[in-house]
Amino acid sequence: MATTSTHSPLLTRDTSNKPHLLIGALVGLMLTAAATAVFLLGDAFLGLPFVPFDVLDWIARNLPGALITFGIDTMVTIITTFQLGETSSAAKTAEHIIAISGLLLTGIAAVAGFFFFRNRSHEDTNSRSLFAGVLLGLALGVPVAIISYTTNFTAIAAPLISVVWILAVFMAWGVTAAWAYQQLEALPHKNNVEASAEAIDRRAFLIKLGGATATITVVGAGLGAFLRPGGPETSEPLAATVPDEDLLGINPQDLPNAGDPVQPVPGTRPEYTPVTDHYRIDISARPPVIDEATWILPISGLIDTPLELTLADLRDNYEPMHQFITLACISNRIGGDLTSTTMWTGVSLQTILAEAGLQDSAQYLRIFSADGFDETLSIDMINRDERIMLAYAWDEAPLLLGYNAT
């Protein structure tokens, strides 16, 4: 008696033609590079968040301090050992590369993982594959949107629009990854292609996909660089551009060590640092954009008279202090370039606190900046040193964008 056996599709499905993990990683690289370029275009055209920078800023604010210190020290060591340029600018470039590389690696891992789990799926149909792509996009997009919402301070688009934009880009990225999986699973390997002029193998598909994503990446990055050639650093200063150094009125004889018989060794760093050469360190991937017309310094807490001061108030209503001050980054090495001396102008904190009516119980002053950085000074230190000031200019010019008052 002849017998026939029936097999469930779960047991008979051929899994030999499924795209392997490395193909998924390659697809992830191509799609994530294109998504990064799309984020850059949104940033340049519409003032939307550039999420790689937001994620890096969030990580930097939440990692243990010892780990952050180790990372900074390692970066400075690499820059100085291999002479990669001026430390502050080289470090910022490295920071941007790390941020973008982090998004690329995350995208590669996510799509490779998607391919892996799709290959292990026992479904005999791809009808839910695109929906799985939406879930993939949301799995990455939701936490990134939350991070950007809580961290970003440079985007000019409305927060709700920014969140919707981030989710839309990641969902499109996820759906495209799922579609690519469908296409690759349906196509034969190159060795199995029948002799036909119309046959398309996986390699041809990947080449076409790579060409499309490369076009998006190159065009997006190019337009982004054109619209933002130097990032926010090229924007206008708070009130005006920096005047020519020769017009600043800095008299070399006024420098603190002008009369010292010991002269600097030729080739060493000069005592005075021009504004354009002053080192710069930001805690964020991009500095905040400050609009002088709307900026207000609120002073509150254990005081009798809360104050809200504008830059015009600081400049016009208080006696200015002019001081040559040498600043050095905490990460600067002996003989390093993260130190500069220039003339700063500002208002003594003693004067400001006296006007506010500081109460006897106050012990510390906590200062917050627009990029989330904060610093604490003891009231005793302020009372002992009238030179501690709120600075609003250097070399008689407004602070450049990205240089916070200190």
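Reader: Which residue forms a salt bridge with Asp385, and how far apart are the closest N and O atoms?

Author: In this predicted model, the partner of Asp385 is Arg387, with the closest N and O atoms 3.0 Å apart. Arg387 is exposed, with a relative accessible area of 54%. Another salt bridge joins the side chains of Arg366 and Asp374 at 3.3 Å, N to O, and here Asp374 is partly exposed, at 28% relative accessible area. The count of salt bridges comes to 6.

Reader: How should I read a salt bridge within one helix, and where do Glu95 and Lys92 lie?

Author: An α-helix has 3.6 residues a turn, so residues three or four places apart point the same way. Glu95 and Lys92 both lie in helix 5, 3 residues apart, which is about one turn of the helix, and their closest N and O atoms are 3.3 Å apart in a salt bridge. Are these two residues buried or exposed? Glu95 counts as buried because its relative accessible area is 16%, under the 20% cut-off, and Lys92 is likewise buried, with 12%.

Reader: How do I read the nonpolar core, and which helix gives the largest share?

Author: In soluble globular proteins, nonpolar side chains tend to be buried together. Here the largest nonpolar core has 35 residues, and those with the most contacts inside it are Val27, Phe115, Phe170 and Trp173. Helix 2, helix 3, helix 5, helix 6, helix 7 and helix 8 each supply at least two residues of this core, and the largest share, 9 residues, comes from helix 7. Apart from it lies another core, of 21 residues, including Ile352, Ala356, Leu377 and Ile388. As for Trp173, the residues it touches, leaving aside those up to four places away in sequence, include Leu31, Ala35, Val111, Leu136 and Leu140.

Reader: How can I check the length of a helix, and what covers the buried residues of helix 3?

Author: At 1.5 Å a residue, the 12 residues of helix 3 (residues 51–62) should span 16 Å, and the end C-alpha atoms of helix 3 are 17 Å apart, which agrees. Its buried residues are Val51, Pro52, Phe53, Asp54, Leu56 and Asp57, and what covers them includes helix 2, helix 5, helix 6 and helix 7.

Reader: Which residues make the nonpolar surface patch?

Author: Phe45, Leu46, Val219, Leu223, Phe226 and Leu227 make a nonpolar surface patch of about 620 Å². Helix 2 (21–46) and helix 8 (202–227) are the elements that give two or more residues to the patch, and helix 8 gives the most, with 4 residues. Leu223, which lies in helix 8, is partly exposed, with a relative accessible area of 34%.

Conventions:
Residues are numbered from 1 along each chain as its sequence is written. This is a predicted model: local features need pLDDT of at least 70, side-chain atom pairs count only at pLDDT 80 or more; totals for chains, interfaces and linings use all residues. Side-chain values use heavy atoms; hydrogens and water are left out. Patches are made of residues with over 30% relative accessible area and no salt bridge: like charges are joined within 9 Å, nonpolar side chains (Val, Leu, Ile, Met, Phe, Trp, Tyr) within 5 Å. Accessible areas come from the Shrake-Rupley method with a 1.4 Å probe; for residues, only the protein chains shown count as cover. A salt bridge is a side-chain nitrogen of Lys or Arg within 4 Å of a carboxyl oxygen of Asp or Glu. Buried means under 20% relative accessible area, exposed over 50%, partly exposed in between (1.4 Å probe, protein chains only). The expected span of a helix is 1.5 Å times one less than its number of residues. Contact means heavy atoms within 4.5 Å. A nonpolar core is a set of buried Ala, Val, Leu, Ile, Met, Phe, Trp, Tyr and Cys residues joined through side-chain atoms within 4.5 Å.
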